Amino acid sequence: MNLRSEPPLRRKQRTPDFALTMDEIRAVTAFAMTSAEQVLPLFEACHPDDSRPRDALAAAAAFVHGDDRSRAQRVTAPAAHRAGREAAAPVPFHAAMAAGDAAASAYLHPLADAAQVNHILRASAHTIRVFELRPSDEYGDSVERIVDLATPLVIDVLRRYPRIGAGANRVSQLVHQLDHRLRDERTPSPRHERGAERR
């Protein structure tokens with residue numbers, strides 16, 4: 001009797017559907033990270049001893065600033081998501097999820113699959129949800145606030161993917177809303193140009 005165990009089956013790699021450079025992925029992660037950074041203090045105000053969302057944003061920042069994608073993003077993203085699920089209230093939940101999604105955005109794939117749009121926009125959708133739950137004159141129009149962070153390069157990358165449908169929960173609906181709003185951008189505003197210069 002043959003007792004040798006079979007090697008684990010490797011998941012077949014899909015052929016990329018279009019070109020996507022590492023610099024383009026870094027631009028997407030920078031957008032997601034900049035969104036999530038706005039609400040991190042609201043998580044930390046509730047859970048000052050939990051560094052998991054901050055660690056996820058640090059891993060995202062390392063990639064944005066030139067490091068290779070690594071185990072850092074793969075480990076800190078789900079850890080931040082766990083921090084969100086363990087949070088005491090909706091605001092810290094969404095703030096932690098935004099941080100985790102920012103780290104996870106480093107693994108955007110060049111596949112013509114609408115689910116990939118979540119890697120581009122879900123961190124921002126969680127951020128907007130925090131703004132909705134904590135309305136303030138400081139935030140203004142929360143969707144437009146996020147749209148203004150998206151550089152022309154991020155919008156170009158988004159347009160390579162199929163449009164994503166609206167899901168049942170509020171975050172999925174916000175991803176859908178952002179998707180349509182950004183694709184309909186015709187001419188970048190001066191704020192887009194200034195944002196690109198800063199990054």
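**Group meeting talk: a ten-helix chain**

Hi everyone. Among contacts in this protein chain between residues at least 6 apart in sequence, 77% join residues at least 24 apart, where contact means heavy atoms within 4.5 Å. A caution before we go on: this is a predicted model, in which local features need pLDDT of at least 70, side-chain atom pairs count only at pLDDT 80 or more, and totals for chains, interfaces and linings use all residues. Residues are numbered from 1 along each chain as its sequence is written, and side-chain values use heavy atoms, with hydrogens and water left out.

What is the chain built from? It has ten helices and zero strands; both are DSSP runs numbered from the N terminus, helices being H or I of at least four residues and strands E of at least two. Of its 199 residues, 47% count as buried, meaning under 20% relative accessible area, with exposed over 50% and partly exposed in between (1.4 Å probe, protein chains only).

Let's look at helix α3, residues 52–64. Its 13 residues, at 1.5 Å a residue, should span 18 Å, and the end C-alpha atoms are indeed 18 Å apart; the expected span is 1.5 Å times one less than the number of residues. Its buried residues include Pro 53, Leu 57 and Phe 63, and the buried residues of α3 pack against α1 (22–37), α2 (40–46), α4 (71–85) and α5 (90–104). Just after α3, Gly 66 takes a positive phi of about 120 degrees.

Pro 53 also turns up from the other side, as one of the residues touched by Ala 96. Ala 96 sits in helix α5 and, because its relative accessibility is 0%, counts as buried. Leaving out residues up to four places away in sequence, Ala 96 also touches Phe 43, Ala 80, Ala 83 and Gly 84.

Finally, how do α6 and α9 pack? Helix α6 (residues 117–133) and helix α9 (residues 170–183) meet at an angle of about 115 degrees, with axes 8 Å apart. Axes are lines fitted to C-alpha atoms, for helices over the stretch in contact, and angles run from 0 to 180 degrees between N-to-C directions. The two helices are therefore roughly perpendicular, the word used for 65 to 115 degrees. Among the contact residues are Leu 121 and Ile 128 of α6, and Leu 174 and Leu 178 of α9. The residues of this contact divide into nine nonpolar, three polar and six charged; Ala, Val, Leu, Ile, Met, Phe, Trp, Tyr, Cys and Pro count as nonpolar, Asp, Glu, Lys and Arg as charged, and the others, Gly among them, as polar. Thanks, everyone!

Key
Parallel < 35°, antiparallel > 145°, perpendicular 65-115°, else oblique.
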